[in-house]
Amino acid sequence: MTDLSHLRADFPILHQQVCGHPLVYFDNAATSQKPRQVIDALVHYYEHDNANVHRGLHELSNRSTANFEAVRKKVARFIGAEHEEEIIFTRGSTEGINLVAQAWSAQHLKAGDVVVITGMEHHSDIVSWQLAVERCGATLKHVPVLDDGTLDISVLDSLLATEPVKMLACVHISNSLGTINPVKEICAKARARGVATLIDGAQAVGHVPVNVRDIGCDFYVFSGHKMCAPTGIGGLYGRLETLNSMQPWHGGGEMIETVTLERSTYKAAPHRFEAGTPDIAGVIGLGAAIDYLESVGLENIQAHGRELTLYAMEKLNALPGLRLLGPPAPADRASLAGFTLACAHPHDLVEFANTQGLALRGGHHCTQPLMKRFKAPGTTRASFYFYNTQAEVDRMIDILNQAIAFFS
Ligand code: PMP
């Protein structure tokens, strides 16, 4: 197995006891831990460079602006965007999706149009598009999920062929099933019909190599906090000409060319969509996280995740009364395992695990329609990152065996 356990030394938070046991942190799909390098970058920023960005003519503001804009360039390179102007800093995936659902829809969506999502979307992608279609009288349709946790692509084909679809929004990696969707193929189908695409990469960026140009999407969103950066910072990629065809969604400082009391003119992307003082420290932290992940290597992170998931799936499948959701083959899934246990509700199981120092997550994971689809009250989810080890999976299996004995 790809051994990255030496990297645990970079994560101060991992070295603690919880309820008298060494912490096993398997809640990475909710948020990842932060390495010392990212924490240090935040402290350094506040101790040396803190000043508001743009328009400042003094040394600290110039420095802060240069560092801030350098991260935009870094993000563009990291996810394969052609131009740094195609990267808009957001609070995270949710804000990026809302930006598109509001600002793109205002220009491009009208009554009678159809937006297509999938049955495995996170609530952020479902609710934002529900709000968007309700505003203009468009309709929301979805691509169902098959029993093996993959999308029913034949339904996508027929929706694209028969409905006036304007937007297709699809999750890259499902946070509940772990399914890695064939987003390149999906975007090609949409593009062939002139349909715009938004890919939710919350579980993908920082976990698998991502190249937005190769995927061929119009928009792509991600959250920094799931890839070693602080909470409150993330990114939206949009094709430059598409971004500049959209009106601003928030008004304020930083996004204007000129303002009179009657009307204003706006800057081009990305600043047109970044009203007000941004999360400067968050952006600095995001840059440090990208440096860190690149030093580890995305291929190594992906390989480790795949191997650890394969190991965990084999062990989990051997437990009595356990039902694992999502694709059966680890090659088709990301490094998480969502499951039900016949003898215990996910919340009870997660509380039991916590008494042993094991951090799992139980519930609907912001995918209520998906839980309904699989007739599950919720699932227990173990989600891994590169600093997790095989020994920690063994510890989880040991705790689950104890739980089965306790609840049965
Ligand atoms: N999409 C997916 C697939 C996610 O897993 C999440 C986070 N759970 C989000 C969107 C929303 O991300 P955030 O809360 O960081 O905005």
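## Ligand site and backbone features

A polar side-chain atom of S223 sits 2.7 Å from an oxygen atom of the ligand. With the ligand in place, the protein covers 85% of the 390 Å² of accessible area that the ligand has on its own. The model is predicted.

**The ligand and its shell**

The ligand occupies the space of the largest pocket. Around the ligand stand 13 residues. Those that come nearest are T94, D200, Q203, S223 and K226. By class, the shell holds nine polar residues, two charged residues and two nonpolar residues.

S223 contacts a ligand oxygen through its side chain. Q203 also places an N or O atom of its side chain 2.7 Å from an oxygen atom of the ligand. H122 addresses a nitrogen atom of the ligand instead, with a polar side-chain atom at 3.3 Å. The table sets out these polar contacts.

| Residue | Ligand atom | Distance |
|---|---|---|
| S223 | oxygen | 2.7 Å |
| Q203 | oxygen | 2.7 Å |
| H122 | nitrogen | 3.3 Å |

Q203 and S223 thus appear twice: they make these contacts, and they are listed among the residues that come nearest to the ligand.

**The annotated domain**

An unreviewed UniProt entry carries the annotation "domain: Aminotransferase class V" for residues 24–395. Over that stretch the chain is 41% helix and 17% strand. The C-alpha atoms at its two ends are 8 Å apart.

**Backbone points to check**

Which peptide bond is cis, with omega near 5°? It is the bond from A269 to P270. P270 belongs to the loop between β12 (264–266) and α9 (280–296).

E254 has a positive phi of about 80°, although E254 is not a glycine. Its place is the loop between α8 (240–244) and β11 (256–259). Both features therefore fall in loops: P270 follows β12 and precedes α9, while E254 follows α8 and precedes β11.

Definitions and conventions:
Residues are numbered from 1 along each chain as its sequence is written. This is a predicted model: local features need pLDDT of at least 70, side-chain atom pairs count only at pLDDT 80 or more; totals for chains, interfaces and linings use all residues. Side-chain values use heavy atoms; hydrogens and water are left out. A residue is near a molecule or strand if one of its heavy atoms lies within 4 Å of it. A polar contact is a pair of N or O atoms within 3.5 Å; within protein, one must be able to donate a hydrogen and the other to accept it, and residues adjacent in sequence count only if both atoms are side-chain atoms. Accessible areas come from the Shrake-Rupley method with a 1.4 Å probe; for residues, only the protein chains shown count as cover. On a 1 Å grid over the protein atoms alone, a cavity is a set of points where a 1.4 Å probe fits but cannot get out, and a pocket is an open set with protein on both sides within 12 Å along at least five of seven lines; lining residues have an atom within 4 Å of a point. A molecule sits in a cavity or pocket if more than half of its atoms lie within 2 Å of its grid points. Ala, Val, Leu, Ile, Met, Phe, Trp, Tyr, Cys and Pro count as nonpolar, Asp, Glu, Lys and Arg as charged, and the others, Gly among them, as polar. UniProt positions are given in the numbering used here, feature names are shortened, and annotations may be inferred rather than shown by experiment. Helices (H or I, at least four residues) and strands (E, at least two) are DSSP runs, numbered from the N terminus.
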